[in-house]
Structures are given as structure tokens and as C-alpha cells.
Protein chains: 4
Amino acid sequence: MNKYRILIAGGDMRQIYCAKRLSQEFETKLIGFDRDSLPDEFELPFADISSPKKYDCAVLPVPPLDDKGNIYTPCSSETLTLQALQGLLTEKPVIFAGKANEKLKKAFPNAIISDYLLSEELNIKNAVPTAEGAVQLALEELPVTLNGLKVLVVGMGRIGTALVRILQGFGADISAAVHSPRGAAKARLYGVKAVPTKRLGNNYGLVFNTAPKLIFDRSTLEKFDDRTLFIDLASKPGGIDFEAALNLGLKVIWALGLPGKTAPVTSGEIIAETISSMLAERSDDIE
Amino acid sequence: MNKYRILIAGGDMRQIYCAKRLSQEFETKLIGFDRDSLPDEFELPFADISSPKKYDCAVLPVPPLDDKGNIYTPCSSETLTLQALQGLLTEKPVIFAGKANEKLKKAFPNAIISDYLLSEELNIKNAVPTAEGAVQLALEELPVTLNGLKVLVVGMGRIGTALVRILQGFGADISAAVHSPRGAAKARLYGVKAVPTKRLGNNYGLVFNTAPKLIFDRSTLEKFDDRTLFIDLASKPGGIDFEAALNLGLKVIWALGLPGKTAPVTSGEIIAETISSMLAERSDDIE
Amino acid sequence: MNKYRILIAGGDMRQIYCAKRLSQEFETKLIGFDRDSLPDEFELPFADISSPKKYDCAVLPVPPLDDKGNIYTPCSSETLTLQALQGLLTEKPVIFAGKANEKLKKAFPNAIISDYLLSEELNIKNAVPTAEGAVQLALEELPVTLNGLKVLVVGMGRIGTALVRILQGFGADISAAVHSPRGAAKARLYGVKAVPTKRLGNNYGLVFNTAPKLIFDRSTLEKFDDRTLFIDLASKPGGIDFEAALNLGLKVIWALGLPGKTAPVTSGEIIAETISSMLAERSDDIE
Amino acid sequence: MNKYRILIAGGDMRQIYCAKRLSQEFETKLIGFDRDSLPDEFELPFADISSPKKYDCAVLPVPPLDDKGNIYTPCSSETLTLQALQGLLTEKPVIFAGKANEKLKKAFPNAIISDYLLSEELNIKNAVPTAEGAVQLALEELPVTLNGLKVLVVGMGRIGTALVRILQGFGADISAAVHSPRGAAKARLYGVKAVPTKRLGNNYGLVFNTAPKLIFDRSTLEKFDDRTLFIDLASKPGGIDFEAALNLGLKVIWALGLPGKTAPVTSGEIIAETISSMLAERSDDIE
């Protein structure tokens with residue numbers, strides 16, 4: 001098996017916890033963090049820039065680059081340029097990055113670049129911390145209990161079903177918005193009521209949207225008022241018409257950056273586990 | 001909208017409850033049942049064979065035909081031939097049947113024949129009664145409580161996840177057999193432990209198989225003894241090597257005919273709902 | 001610590017599993033069972049009647065004596081008299097029995113007789129297997145799924161709350177019958193709807209009674225018909241007027257002998273654990 | 001039935017929502033709030049101080065009086081003296097207060113003073129919002145998910161069991177600290193592991209204490225380090241040695257004021273429902 005030497009380059013706390021988990025399995029070094037941004041108990045050594053020994057694997061954050069085209073290093077007071085990074089890597093490195101872009105690919109034309117955000121393993125694993133983060137937001141915003149609250153969940157994919165499991169523990173009164181008899185059957189499978197999308201009305205205290213397509217257009221939003229809290233978990237453009245909601249004075253939270261914000265340790269560990277699986281697959285391919 | 005006249009022809013109690021539910025929406029008549037096989041409270045009229053009015057929709061059971069090629073009528077002392085049925089239907093009828101076969105298609109060359117067992121709606125809806133029936137079997141067979149019992153669920157599809165939800169309510173100690181990091185992530189999503197298929201061993205009191213492919217071959221079965229109860233829910237050939245299990249003296253239940261046996265009312269209603277959806281789609285297409 | 005020598009005298013399969021568990025901790029022998037009534041894998045030795053060594057602890061079944069005043073030995077073709085038992089025990093033995101009666105006390109005037117059925121530990125532990133047995137009965141009797149079924153639970157004690165936990169896993173639509181705002185608050189705590197006892201009506205597919213007092217008198221039963229299945233789990237006289245229910249043609253199951261019938265292994269182990277705790281307390285008292 | 005005229009005097013947002021709920025049933029007026037402290041949609045009229053019509057029921061907050069012996073009015077810029085309140089009430093009013101004290105009793109010697117915090121209905125109902133508030137704190141503080149986290153719950157009373165239900169929905173790995181075989185049996189009933197109090201050790205990510213007696217004394221706390229988050233929900237003195245925890249550098253949250261802070265609407269409604277029940281009982285007594 002090919003044992004990689006891994007360089008964690010930039011990012012927020014997630015990347016530090018990712019580094020910690022990867023260091024259980026691989027030689028792992030850091031760059032792009034100020035020493036005092038690390039938690040006390042950490043003993044991950046920083047990469048020795050002057051050493052001639054190169055890294056054959058780099059892990060970049062989400063997003064990998066900042067506005068100026070340098071590595072995104074929010075936990076560092078210094079700049080880490082693409083050039084500096086090139087000097088630390090082997091000729092044909094494996095690079096992991098979240099939302100890998102063209103600039104990155106140009107800078108490392110010989111590298112094998114993998115976007116870990118596209119990994120199904122990561123997306124399945126992220127469903128639970130995302131759902132927990134969304135429930136945390138709801139608990140923080142609502143002056144009532146989730147117990148007994150009428151909650152609508154839009155989208156019965158991974159995040160939707162993870163939400164349902166948690167909300168059932170709270171004893172919420174959960175409905176799922178559905179399009180078809182098939183969707184209604186699926187809702188029944190998860191133990192929640194099914195409401196046809198067309199018949200949505202203003203009787204929910206809380207609405208979680210997890211569907212990427214626009215469900216809450218202006219005409220649907222007009223049926224609601226500010227007694228409903230909307231939490232949109234879908235990636236942009238999301239399922240709620242931003243401007244219409246704003247104009248109508250509705251309460252909407254665009255829950256971006258979950259679970260990185262609410263559960264950075266778990267989030268970093270999930271990135272590490274995903275990268276570990278991806279490297280194991282690569283090794284299997286080579287054998 | 002096209003309002004169908006429906007003839008329920010043969011089958012067991014499920015078809016009677018299917019008829020009852022369809023009669024809420026359509027003109028529905030019965031044939032192929034003895035009058036005393038119906039529950040007392042039923043008032044579904046039998047089809048008048050002498051009437052010149054034909055039915056444009058027929059619902060046949062699972063399977064539609066018996067060994068001799070007549071309609072399968074276990075609740076009737078009389079024979080219902082294909083010819084007799086032809087005489088009751090219009091020229092281009094819609095026929096619903098479970099496991100529709102060639103003989104049926106030949107007998108009704110102009111009919112639109114739909115196999116409701118292939119409907120995704122039916123399969124999703126059947127997952128819950130199938131899982132309940134399987135849990136009933138386990139409760140009947142086991143001299144210990146499900147609470148605290150080590151249970152292995154093989155296959156995290158619809159039936160597998162429905163089983164997990166029920167078993168969690170019992171407080172069972174549930175593991176899922178998984179093949180990949182992706183499967184392990186999915187198990188975590190459902191709140192159960194993940195065990196790689198290769199590392200399965202003899203420490204489960206109960207194993208539910210829902211995967212259609214052979215997981216428990218002889219070499220895997222040899223790791224178990226008669227302290228484990230196996231319940232195989234997968235359609236034939238199923239996930240457990242029948243002969244090997246028999247030779248090894250293992251306790252295996254092939255749970256066939258669920259949920260028809262354990263929940264005939266729910267089962268019949270699901271067939272009715274599915275047929276109703278299928279007819280609604282047909283009408284939509286025509287419009 | 002005083003190490004007891006225990007004699008398991010008579011009873012059904014529960015006592016055999018009780019013996020097996022106690023033998024992990026104490027020297028344990030059997031009497032009052034035919035050898036071929038034991039499961040194959042058992043290696044519990046029978047008591048040697050001719051040995052002069054006496055037992056200082058005896059475990060009798062529920063009930064301890066049969067109609068003729070001998071030890072209740074349904075798994076034996078021979079009679080075990082009280083006299084024979086006396087000859088096997090020390091002068092001041094500790095005797096455990098379910099429903100210990102006067103006859104027993106007279107036969108062993110110097111013994112310390114404890115009724116394990118009165119132990120709170122046993123009653124708490126029995127709640128789960130009793131609830132599982134009751135759910136098994138419901139699954140066997142009902143032609144519909146518990147999922148989505150309107151279920152009424154009467155009594156929010158141990159068995160009632162154990163039932164609620166299981167039924168929630170099935171996705172049943174659960175209500176609790178309550179007497180007071182305090183009862184209603186408690187129902188909310190368990191995540192179920194509260195229905196005042198006075199407003200009970202005929203819209204439940206399933207009713208579990210766990211309350212020992214008469215809730216379903218004739219006038220309440222008259223509001224129901226045979227579409228509701230009643231399962232009474234309360235010890236006699238129970239919560240349902242037997243004769244009235246019979247006259248009204250209602251479907252009622254008196255679920256007696258749970259969990260001994262549905263989960264004999266768990267049931268026997270619970271008796272063993274309870275006796276072990278009681279013996280440990282006795283030893284603590286002596287020290 | 002005696003229809004009370006109710007005056008809500010002072011307090012925080014909870015009392016306003018309490019007023020709103022009571023106004024559905026009784027004539028209810030406010031005093032001790034600035035108009036702009038009320039939510040926009042409120043239309044509860046303020047009491048007319050100059051009117052000769054008196055109130056026969058007053059609802060005071062928790063605590064009823066401030067340091068200077070005036071009514072506790074955190075949402076008002078003006079002082080509300082006991083004397084002013086006396087002028088608004090009838091000669092023998094019914095007064096509800098949280099933590100009613102001697103000063104209050106002296107000021108209203110003819111009044112019937114009830115402490116709603118002592119009501120069992122209120123305490124049962126508060127268990128759920130308290131548990132939700134505690135889980136919110138945990139989600140906010142922890143950088144990991146509750147899913148899969150080892151959580152210890154101390155005390156299996158109302159709040160403890162409400163916590164367990166919620167945490168099970170999250171898929172946490174829950175243990176309960178127990179003192180006796182009876183406690184262990186109860187833990188099993190709720191589907192959680194039982195850990196004897198004496199064997200508590202440093203392997204929990206999160207500990208909720210709900211027991212009012214000192215469980216975590218210095219010697220027990222010394223087994224833990226700062227990887228465990230403690231949340232103490234018990235009323236003072238609570239179950240955790242404050243100073244010892246501070247000296248040892250442990251992470252402890254004293255969760256005071258739950259659920260008033262995290263769920264003021266639900267909290268106010270619970271106070272209203274409790275007062276309504278208490279008034280109904282008073283009327284029943286009179287009849």
C-alpha cells in the first residue's frame with residue numbers, strides 16, 4: 001500500500017480536526033494556520049518549509065482559494081500563495097479540495113484533483129450534522145417548543161429523513177410536502193403525514209426546506225405570514241424565493257455553512273474519513 | 001374524467017378489501033368469491049353475469065391464474081374460466097394483475113395489462129406491512145424480548161429501514177450489514193451500527209435478510225448456529241442458501257406471502273390505492 | 001458473603017431459564033422436571049435426593065402449589081410433595097415463591113418466605129416483556145397494520161409507557177386516556193394525545209388497558225363495537241367489565257400469563273436477577 | 001361558575017404570553033409593562049388604574065417581588081408598589097405567584113396565595129421545554145454531533161426521561177447513572193444503559209444532571225477532564241460541586257431559568273394552563 005505524506009493547507013477549524021484524524025493513519029503536517037489558532041491540546045507539527053522532502057498529497061479547504069487566488073487561510077495572518085504550495089508538493093500530487101475550480105487545476109496541471117464535496121460518502125455522513133445544525137437554529141429562533149409544533153419538511157432525501165428522525169424524538173407534529181402518490185407512500189414509510197405541495201397553507205410553525213428546486217415561489221409564500229419560521233438548507237439557489245420572502249416580511253433563515261459552523265469537529269472528521277476512503281480506493285486501483 | 005366500471009375477479013381476502021376501498025370511488029363488482037367467504041358487514045354486490053353491461057376494468061389477484069389456466073379463486077368453490085371473464089369485459093379493457101403472465105396476455109390481446117406488483121407506489125407502501133409481519137414472526141418465534149436483543153438487518157432499502165424504525169421502538173440493539181464506506185455512512189444515518197459483510201459472526205439473536213442477492217452462502221452460514229433466528233424477506237432466490245442452512249441445522253423462516261397473510265386489510269387497501277393512482281394517471285394521459 | 005445452595009423446585013420453562021441464570025452465580029440444582037422436558041443444551045444437574053447435603057434456598061414457581069397442595073410441576077410426570085421438599089432443605093431455608101400462600105407458610109414455619117412477584121425490580125423489568133407480548137397479540141389479531149392505526153392506551157404506568165415506546169416505533173396514532181390536567185400533562189410528556197376518560201368513543205382500532213381499576217364499565221363499552229380490539233393487561237378484576245363486553249359482542253383479549261408465555265427465557269432471567277438482588281440484600285443486612 | 005377578572009402584574013415575556021392565553025377564558029388586563037415591550041400583534045388592554053372596578057385575581061411573576069419589595073417588573077420603566085397593587089384588587093383576592101414569600105403574604109393577609117411553581121401539572125409540563133432548552137445548550141456548546149455521542153443522564157425523573165426521548169431521536173449513545181437494581185431496571189425500561197453511580201468515569205462527551213442531590217462531589221469530578229461538558233438542570237444547590245468543578249477546570253453550565261429563556265411562549269402558556277386548572281378546582285370546591 002502506498003503511504004501518503006499529507007499536507008493540510010489552509011482552512012478553518014474543520015481542517016484542523018481533519019488533520020488530527022488523518023494523522024492517526026498518515027504522516028500529516030499543517031500549513032496556513034497561526035500557531036495560536038490551534039487548540040491547546042494539539043500537537044500536529046507544522047510543515048518544515050525549508051525541508052527538501054515533498055508531500056504527495058494536499059488537502060485544501062472549502063473553498064480552496066480566496067478572492068486573490070491564494071490558498072484560503074482564515075486562521076492565518078500570513079498569505080499562502082499557490083506558488084508556495086507548489087514548492088511543497090511532489091510533481092504529481094493528489095490534491096483534495098472542496099469546490100475545486102479552474103484556477104486550481106491550472107496551477108497544478110499534473111495533479112490528480114478530487115473534489116471531496118462530490119463524494120457520496122461525505123454527503124451521506126454530512127446529513128446528520130446538517131440536520132442537527134438546522135434543529136439547533138430552530139431551537140434558538142423559536143419561542144415555543146418543538147414538542148407539539150406543526151413542522152413541515154420539504155424533501156425526503158438524506159437531510160429530510162435525518163431531520164424527521166430528530167424531530168420525532170422531540171415529539172413534533174411532522175408533515176412532508178409531496179408531489180405524487182409515490183411521495184405520499186414514502187412519507188408514510190417514515191411515519192409522517194403527507195401534504196401535496198399544491199395544498200400547502202399557513203398552519204406550520206416551522207418549515208425546513210431541503211429540496212434544491214424552487215418550491216416556495218411568490219404565490220406559495222403569499223399563503224404564509226411571519227408566524228412561520230422558514231429554514232432553507234438547500235444549496236443555492238435553494239427552494240425559497242429570497243426576494244419574495246423579504247418583500248412579504250417572512251422569517252427566513254438561509255442556513256449556509258452547516259455543519260461546518262455548528263459541528264466543526266464532526267465535520268472535519270467526516271472530511272478526513274472521506275479522504276481516507278478515497279485514498280484507499282486509489283491504492284486498490286493501483287494494486 | 002373517465003369513470004371506470006371495475007370487476008374484481010378472484011383472489012383471497014386482500015382482493016375483497018381492495019374491492020371495498022375501490023367501491024368508494026368506482027362502481028365495483030365481485031366475481032369468483034363464494035357468498036359465505038365474505039365478512040358479514042360486506043355489501044359489495046356480485047356481478048350480474050346475465051347483464052349485457054360490460055366492465056372496462058378488471059382486477060385479478062396474485063397470481064392471476066391457477067395451475068389449470070383458470071382465474072385463481074381460492075375463496076370460491078366454482079371455477080372461473082378465462083372465457084367467462086372475457087364475456088364480462090369490454091373489447092379493450094384495462095386489466096390489473098399481480099405477476100401478469102403470457103397466458104393472460106394471449107387471452108386478452110386487446111387489453112392494456114398492468115402488473116400492480118411492479119408499481120413503485122405499491123412497493124413503497126408494502127414495506128411497512130411487510131416489516132410489521134416480519135416483526136410479528138420474530139415475536140412469535142423468539143423466547144426472549146426484542147428489547148436488548150442483538151439484531152442484524154441485511155439490506156438498507158425500504159423494508160430494511162422500515163424494520164429499523166420498528167426495532168428501535170422495541171429498544172433492540174441493531175446492526176446493519178454493509179459493503180462499503182458509503183453503506184456504513186448510511187447505517188449511521190439510520191442510527192444503527194455498521195458491520196462489514198465479511199466480518200459477520202455468530203453473535204446475533206435475530207437476522208432479517210431483505211437483500212435479494214445471496215449474502216448468506218454456506219461459508220457465511222457456517223459461522224452461525226441454532227441460537228440465531230434467520231428471517232428471509234427477500235423474494236426468491238433470497239439471500240440465504242436454503243440447502244446449506246438446512247444441512248447446518250439453522251433456524252430459518254422464509255417469510256413468503258407477507259403482508260397478505262399478516263395484514264390482509266391493509267394489503268388490499270394498498271392494491272386499491274395503487275390501482276386508483278394508475279387509473280388517474282391513465283386519465284391524465286388521455287386528457 | 002453467604003453463598004447459597006439453591007434448589008429450583010417445579011414450574012415451567014421460566015424456572016429452567018431462571019435456574020440457568022442463577023447457576024452462573026450459585027450452586028443450583030433442579031427438582032420437579034422430567035429430563036426430557038429440558039432443552040438439549042442444558043447441563044443443569046438434578047438434585048441428588050439421597051444426598052445428606054441440604055439446600056438453604058428454594059425457588060418455587062408461580063403459583064407454588066397445585067390444586068392438591070403439592071409443588072406445581074407442569075413439566076414433570078411425577079408428584080413432588082411438600083414433605084419431599086422439606087427433606088431437601090435446611091431447617092431455616094430462604095424460600096422464593098410467586099403468590100406465596102398460607103399452605104406454604106404452614107409447611108415451612110421456620111422459613112423466610114419471599115414473594116418475588118411483589119418485588120419492584122421484577123415488576124419494572126417485566127413491563128417490557130409484557131408490553132412486547134401485548135403487541136404480539138395485537139399483531140396476530142389485527143388484519144391491519146399498527147402503522148397509522150388509532151390506538152388508545154389506558155394507564156400511563158410502567159406497562160403503559162413501555163407500550164407507548166413500542167407503538168411509536170410502529171408509527172401508530174396513540175392517545176392516552178386521562179383523568180386530570182396532571183394526566184394530560186403526563187401524556188404530553190410521553191408524546192401522545194390526551195383524551196379525557198369521560199369522552200372516550202368508538203374511534204380506536206385497538207385499546208390496551210393497563211389500569212387495574214374498572215374503566216370500561218357497561219356504559220363506556222356501549223360506545224364501542226366490534227371494530228375495536230381490546231387487550232386487557234391489568235391483573236384481575238382488570239379494567240374491562242367481562243360480562244358486559246361478552247354481551248355486547250366486543251372483541252376482548254384477557255392477556256394473562258404474559259410475559260411467561262411469550263418470552264419465557266427473558267421472564268425466567270428476570271426472576272433469577274430479582275432473586276439474586278434479594279439474596280444480595282439479605283447478605284448486606286447480615287454483614 | 002365563578003368568572004374571575006384577572007390582573008397580570010409584572011414579569012417578563014412569559015407573563016405576557018400567560019396573559020394572552022388566559023384572556024381566551026377570562027377578562028384579563030395587564031399592569032407593570034411598558035407598552036413598547038409588548039409584541040406588535042398584542043391587543044391585551046392595560047388595566048385602567050382610575051376605574052373603581054377591582055380584580056379578584058392577580059398573577060405575579062417569578063419571583064413576585066424585586067430587591068426593594070416592589071413587584072418585579074423587568075419590562076417596565078416605572079415602579080409598581082405593593083400598595084398600588086392592593087388598590088387594584090378586591091378584599092379577598094386569589095393571588096398566584098412563583099416563589100411566594102413572607103413579604104407578599106404580609107401585604108395581602110386576606111388573600112388566598114398559591115405558588116404555581118409548586119403545581120405538579122406545571123412541573124410535569126415544564127419537563128419537556130426544560131429538556132429542549134438543555135439540548136439547545138448542548139448543541140450550541142458542543143463542536144461534535146449528538147449523534148453517536150456518549151451521553152450520561154443523571155436522574156430518571158420527568159426531565160431525565162424527557163431528555164432521553166429527545167436524545168434517542170438524535171441517535172445519542174445514552175447511559176443513565178443508577179443507584180440500585182431497581183434503578184437499573186428502570187433504565188432498561190427507557191431503553192438506555194445503566195451505569196452504577198460508583199463506577200462513573202471519564203468517557204462521556206456530555207453529562208446532564210437532573211438530580212437535586214450532590215452526585216458529582218470532588219472525588220467523582222476528579223475522574224473527569226475538560227473533554228466532558230456538564231449541564232446541571234437541578235435546582236440549587238444542584239448535583240455538581242460548583243467550586244470543585246471550577247478548581248478542576250471542568251466545563252460546567254448551570255442551566256438556570258430554563259425554560260423561561262429558551263421557550264418563553266410555551267412557558268407562559270404552561271403557567272396560564274396551570275392557573276386555569278387551579279381556578280377550575282377552586283370553583284369545583286365552591287360548588
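# A guided tour of chain D and its neighbours

Select helix 5 of chain D. At 1.5 Å a residue, its 13 residues should span 18 Å, and the C-alpha atoms at its two ends lie 19 Å apart, which agrees. The model under view is a predicted one. Helix 5 of chain D is mostly covered, for 13 of its 13 residues are buried. Move next to the residue that follows helix 5 of chain D: this is D:Gly171, with a positive phi near 75°.

**The contact with chain C**

Now display chain C together with chain D. Here 17 residues of chain D are in contact with 17 residues of chain C. On the side of chain D that touches chain C, helix 4 (120-141), helix 5 (158-170) and helix 6 (181-189) of chain D each supply at least two residues. Colour this side of chain D by residue class: seven of its residues are nonpolar, two are polar and eight are charged.

**The axis between chains C and D**

Keep both chains in view and consider how one may be placed on the other. A turn of 180° with a shift of 0.0 Å along the axis lays chain D on chain C, with an RMSD of 0.0 Å. That is the relation of a two-fold axis. To find where chain D comes nearest the axis, select D:Arg165; its C-alpha is the nearest in chain D, at 4.7 Å from the axis. Which surface do the copies use to meet? They meet through the same surface, because 100% of the interface residues of chain D are also interface residues in chain C.

**The contact with chain A**

Hide chain C and display chain A beside chain D. This contact takes 21 residues from chain D and 21 residues from chain A. Helix 4, helix 5 and helix 9 (264-286) of chain D each supply at least two residues of the side that touches chain A. Which helix of chain D gives the most to this side? Helix 4 of chain D does, with six residues. Colouring by class shows 11 nonpolar, seven polar and three charged residues on the side of chain D that touches chain A.

**The domains of chain A**

For the last stop, select chain A alone. Its domain assignment gives domain 1, formed of 5-118 + 264-286, and domain 2, formed of 126-254. Colour domain 1 and domain 2 of chain A separately and compare their positions: their C-alpha centres lie 35 Å apart.

Key:
Residues are numbered from 1 along each chain as its sequence is written. Chains are lettered from A and ligands numbered from 1 in the order in which they are written. This is a predicted model: local features need pLDDT of at least 70, side-chain atom pairs count only at pLDDT 80 or more; totals for chains, interfaces and linings use all residues. Two residues are in contact if their C-beta atoms, placed from the backbone, lie within 7 Å. Helices (H or I, at least four residues) and strands (E, at least two) are DSSP runs, numbered from the N terminus. Ala, Val, Leu, Ile, Met, Phe, Trp, Tyr, Cys and Pro count as nonpolar, Asp, Glu, Lys and Arg as charged, and the others, Gly among them, as polar. Domain bounds come from an automatic or database domain assignment. Copies are superposed by least squares on the C-alpha atoms of residues with pLDDT of at least 70 in both. The expected span of a helix is 1.5 Å times one less than its number of residues. A residue is buried if 20 or more other C-beta atoms lie within 10 Å of its own, exposed if 12 or fewer, and partly exposed in between; C-beta atoms are placed from the backbone.
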